[in-house]
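Student: I am new to this structure and would like a close look at a single part of it. Could you take me through that part slowly, along with whatever surrounds it?

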Amino acid sequence: MGADRSEVRDAAPKGSDPQREKKKLSRSFGWLTLLGVLLVLAGLVGLVYAGVATLTSMFLFGWLLLIGGVVGLLHAVQSRKGNYFWLAVIVAAINLAAGFVILMRPEASAEALTMFAALLFLTGGVFRLVGALVVRGANFGLALVQGAFGILLGVLILSNWPGNSLYVIGTFFSLALLFDGLSLIATGLGARRILGLVREDEVPAGRGAEGGTREAAENRPVGDQEQSNN
């Protein structure tokens with residue numbers, strides 16, 4: 001019996017480890033939910049102030065290009081004995097030049113990106129529409145609607161260009177933040193709910209081990225119990 005009690009004491013701290021891990025996971029998913037809330041708030045603010053969101057996205061894009069160009073240039077210098085040294089240098093120089101131009105002329109860069117987005121919507125819509133009409137697969141209706149919507153969106157952007165360039169990029173950027181935030185909130189809350197259900201259905205390891213020891217002691221033959229008592 002003394003050995004059984006020592007086994008129960010040793011099993012209790014080990015059973016608390018899953019609870020600790022679940023608390024850590026719950027805290028991590030809580031931070032994920034908080035990040036989603038912040039992204040949703042940023043997306044809503046960006047939709048209200050689309051012009052500020054456009055300029056902010058331009059500055060972020062410019063700095064990302066500059067940082068990528070510097071990192072690419074350093075990597076090209078480190079691997080200068082490779083076969084693609086000059087190609088890496090040219091790509092890094094293009095990134096540096098594009099980032100510098102975007103930071104110096106954010107409004108003109110927004111106009112160029114708005115034109116590029118409109119042409120991308122147009123070409124993507126045309127390809128989707130033609131592919132849906134040619135293939136006529138199971139998702140024929142959905143592909144047809146997506147293609148028509150892409151063409152319509154591209155035409156609407158081009159019809160008001162360049163006057164709409166101050167809020168088109170900001171609107172798309174804010175919508176991306178909004179939907180990403182909603183996705184993070186749904187993931188975090190769903191994971192915490194699942195962890196809560198698992199925690200409610202779980203039996204503490206110490207009690208389970210103690211109950212199992214008692215049942216084993218009760219189910220032992222009488223002769224074994226008398227020998228242990230003696």
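Which residues of α2 are buried?

Tutor: Happy to help! Please keep in mind that this is a predicted model. The buried residues of α2 are Ala50, Ala53, Thr54, Ser57, Met58, Gly62, Leu65, Leu66, Gly69 and Ala76. Let me set the scene before we return to them.

The secondary structure of the protein chain consists of 8 helices and 0 strands, and along the sequence the pattern reads α-α-α-α-α-α-α-α. The chain has 230 residues, of which 24% count as buried. Among contacts with a separation of 6 or more, 81% join residues 24 or more positions apart.

A word on confidence. The average pLDDT of the protein chain is 77, and 77% of the residues score at least 70. Over residues 11–15 the pLDDT is below 50, and this stretch has 4 contacts in the model beyond near neighbours in sequence. Residues 203–209 also have a pLDDT below 50, with 6 contacts of that kind. Where pLDDT is low, the predicted coordinates should not be read in detail.

Now to α2 itself. With 29 residues at 1.5 Å a residue, α2 should span 42 Å; its end C-alpha atoms are 42 Å apart, so the expectation and the model agree.

One partner of α2 is α4. The axes of these two helices come within 10 Å and cross at roughly 95°. An angle from 65 to 115 degrees counts as roughly perpendicular, so α2 is roughly perpendicular to α4. On the α2 side, the contact is made by Thr54, Leu55, Met58, Phe59 and Phe61, while α4 contributes Pro106, Glu107, Ser109, Ala110 and Leu113. Two of these α2 residues, Thr54 and Met58, are also on the buried list.

What about α4 itself? Its 30 residues should span 44 Å at 1.5 Å a residue, and its end C-alpha atoms are 42 Å apart, which agrees. Buried in α4 are Pro106, Ser109, Ala110, Thr114, Ala117, Ala118, Leu122, Gly125 and Ala132. Just after α4, Arg136 takes a positive phi of about 55°.

Thr54 leads us to another helix. Ser165 lies in helix α6, which covers residues 165–201. Leaving aside neighbours within four places in sequence, Ser165 is in contact with Thr54, Ala110, Glu111 and Thr114. The relative accessibility of Ser165 is 1%, so this residue counts as buried.

Finally, look at α3, residues 85–104. Its 20 residues should span 28 Å at 1.5 Å a residue, and its end C-alpha atoms are 29 Å apart, which agrees. The buried residues of α3 are Phe85, Val89, Ala92, Gly99, Ile102 and Leu103. Those residues cover an arc of only 165° around the axis, so they sit on the same side of α3. On the other side of α3, Trp86, Leu87, Ile94 and Met104 are exposed. The cover over the buried residues of α3 includes α2 and α4, which brings us back to the helix you asked about.

One more link runs between α3 and α2. Ala97 is found in helix α3, and its C-alpha atom is separated by 8.6 Å from that of Gly69, 28 residues apart along the chain. Gly69 is one of the buried residues of α2, whereas Ala97, at 42% relative accessibility, counts as partly exposed.

How values were computed:
Residues numbered from 1 in each chain as written. Predicted model: local features only at pLDDT ≥ 70, side-chain atom pairs only at ≥ 80, totals over all residues. Heavy atoms only, no water. pLDDT = per-residue confidence, 0-100. Contact = heavy atoms within 4.5 Å. Helix = DSSP H or I, 4+ residues; strand = E, 2+ residues; numbered from the N terminus. Expected span 1.5 Å × (residues − 1). Buried < 20%, exposed > 50% of the residue type's maximum accessible area, 1.4 Å probe, protein only. Arc of directions from axis to C-beta. Axes fitted to C-alpha atoms, helices over the stretch in contact; angles between N-to-C directions. Parallel < 35°, antiparallel > 145°, perpendicular 65-115°, else oblique.
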